[in-house]
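Good morning, colleagues. Please take a moment to look at the chain on the screen before I begin.

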Amino acid sequence: MNWITNYVRPKINSLFSRREVPENLWTKCPECGTMLFHRELAENLNVCSNCDHHMAITPRDRFKALFDGGIFVEVKVPEPLADPLQFKDQKRYPERMKSAQKATGEKEAMLVAEGEVLRTPIVAAAQNFAFMGGSMGMYVGNAFVAGARRAVELKRPFVVFAAAGGARMQEGILSLMQMPRTTVAIEMLKEAGLPYVVVLTHPTTGGVTASYAMLGDVQIAEPNALICFAGPRVIEQTIREKLPEGFQRAEYLLDHGMLDRVTHRKNLRDELVTILRMLTNLPPAIKGDLPPADPQPIEEPEAPAA
Ligand SMILES: [Zn+2]
C-alpha cells in the first residue's frame with residue numbers, strides 16, 4: 001500500500017468511470033418515436049405530448065397524481081405462498097420475482113390504497129404492467145380481495161386500474177383461481193351497494209379481462225388501450241383474416257358497446273369523481289379550495305462523481 005494505490009488509482013478510476021448523461025433522462029414514445037424529456041413526460045402523466053399515446057404509469061405515480069395532495073395509505077395485502085409449484089422455465093420463479101422487485105421497487109404487481117380524491121373517499125387498486133406484465137397471481141388476487149374488503153369496511157367505492165398480460169403462468173391453476181375469487185369479491189361490493197369502477201389501461205388482456213376488469217358498474221378506458229382476451233395476432237392467425245383497423249382498441253370497444261367511456265388521463269380524475277359522487281348520492285365536488293394532486297416528484301439524476 002502506498003500513495004499510488006491509496007490516492008492516485010481511485011482518482012484515475014473516478015475520472016474514467018464518470019458516467020455520461022443517463023439514458024433514462026429521455027424516453028422514446030413507442031408510438032410516434034418522439035424523444036420526450038423525463039420531467040415533462042412525468043408532468044404530463046406519462047402521456048406523449050406529441051401524439052397523446054398513453055404510456056404505462058406505475059401504480060405509485062398514478063396514486064400520487066390521483067389522491068388529494070398525493071396522499072394515500074396503502075392497504076395491507078396478505079402474503080400468499082411463494083412459488084407454490086416450484087416453477088422453472090429458463091429461470092426459476094423466485095429469481096424472476098427478485099429481478100422484477102429490483103426493477104420496479106415494488107413487492108408485487110398490484111398496489112392497493114385508500115384516500116380521498118377531491119374529498120371523495122375511495123379505495124383504489126392499480127396493476128403494475130412493469131412487474132412481470134402485471135400478471136395476476138395469488139398476490140394480485142389477495143390484493144384485489146383486500147381492497148374490496150376494505151371498501152366494504154369503510155363503505156367506499158372501489159376503483160381498479162387494470163393493466164395486465166393475463167394470468168401468471170408460474171402459478172398455473174392457482175392464478176386462474178383468482179378469476180372466480182375476484183368475481184366473488186365484486187359480488188360482495190354489490191351486496192353492500194357500493195360502486196365498483198374499472199379503468200382499463202393499455203394493455204389489459206387474458207384472464208384479467210375475463211374476470212374483474214370487465215365487471216365494473218362503469219367501464220372506463222384510456223385512449224387507444226388494447227383490451228382483449230386473446231390478442232389480435234392470435235385471432236388473425238386463427239381465423240386467417242385481416243382484422244379491421246383499431247380492432248380491440250378502446251375506441252372500437254366503445255363503439256361496440258363494451259365500454260361506457262374513453263377518457264384522456266388528464267381528465268380521468270375529475271371524471272371518476274363525478275361518476276363516484278353521482279353513484280353514492282354525494283353533491284358535486286368543490287374544486288376551488290383544494291390543492292391540486294401532486295405531479296409525481298422526479299428523482300434527480302445522481303451528480304457525476306467529482
Ligand atoms: Zn408519441
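**Helix packing, a zinc site and backbone geometry**

I begin with two helices, α5 and α7, where Met138, Gly141, Asn142, Phe144, Val145, Ala148, Arg149, Ala151 and Val152 in α5 meet Gln178, Arg181, Thr182, Ala185, Ile186, Met188 and Leu189 in α7. Contact here means heavy atoms within 4.5 Å. Helices (H or I, at least four residues) and strands (E, at least two) are DSSP runs, numbered from the N terminus.

Before going further, I should state that this is a predicted model, in which local features need pLDDT of at least 70 and side-chain atom pairs count only at pLDDT 80 or more, while totals for chains, interfaces and linings use all residues. Residues are numbered from 1 along each chain as its sequence is written, and side-chain values use heavy atoms, with hydrogens and water left out.

How do the axes of α5 and α7 cross, and within what distance do they come? Helix α5 covers residues 138-154, and its axis comes within 9 Å of that of α7, with a crossing of roughly 5°. The axes are lines fitted to C-alpha atoms, for helices over the stretch in contact, and angles run from 0 to 180 degrees between N-to-C directions. The two helices are therefore roughly parallel to each other. On the scale used, angles under 35 degrees count as roughly parallel, over 145 as roughly antiparallel, 65 to 115 as roughly perpendicular and the rest as oblique.

Leucine 189 belongs to helix α7, residues 178-191. Is leucine 189 buried or exposed? With 0% relative accessibility, leucine 189 counts as buried. Buried means under 20% relative accessible area, exposed over 50%, and partly exposed in between, with a 1.4 Å probe and protein chains only. Not counting residues up to four places away in sequence, leucine 189 touches Ala148, Ala151, Val152, Phe158, Leu194 and Tyr196. Its C-alpha is 9.1 Å from that of lysine 155, although 34 residues separate the two in sequence.

That list leads to tyrosine 196, which lies in strand β7. Tyrosine 196 is buried, at a relative accessible area of 1%. Its contacts, leaving aside neighbours within four places in sequence, include Phe144, Phe158, Ile186, Leu189 and Tyr212. Tyrosine 196 and valine 159 are 37 residues apart in sequence, yet their C-alpha atoms are 5.9 Å apart in space.

Strand β7 (residues 196-204) also holds proline 203. A cis peptide bond joins histidine 202 to proline 203, with omega at about -15°. For context, most residues other than glycine have a negative phi, and most peptide bonds are trans.

Two residues have a positive phi without being glycine. Leucine 118 has a phi of about 45° and sits in the loop between β4 (110-117) and β5 (120-127). Leucine 118 is buried, with a relative accessible area of 6%. For glutamine 248, phi is near 65°, and its place is in the loop between α9 (232-239) and α10 (250-255). Glutamine 248 counts as buried as well, at 8% relative accessibility.

I turn now to the metal. Which residues coordinate the zinc ion? The SG atoms of Cys29, Cys32, Cys48 and Cys51 do so, at 2.2 to 2.3 Å. Donors are N, O and S atoms within 2.8 Å of the metal (3.2 Å for Na, K and Ca); water is not among the atoms, so sites may look incomplete. The donor residues follow the spacing C-x2-C-x15-C-x2-C. Cysteine 32 lies in the loop between β1 (26-28) and β2 (35-37) and cysteine 48 in the loop between α2 (38-43) and α3 (59-66), so the pair ties together parts that are 16 residues apart in sequence. Cysteine 32 counts as partly exposed at 33% relative accessibility, whereas cysteine 48 is buried at 0%.

The axis of helix α3 comes within 11 Å of that of helix α11 (residues 265-279), and the two cross at roughly 60°. That makes α3 oblique to α11. In this pairing, Arg62, Ala65 and Leu66 of α3 meet Arg265, Leu268, Arg269 and Leu272 of α11.

To close, the whole chain: its secondary structure comes to 11 helices and 9 strands. Buried residues make up 44% of its 306 residues. Of the contacts with a separation of 6 or more, 68% are between residues 24 or more positions apart.
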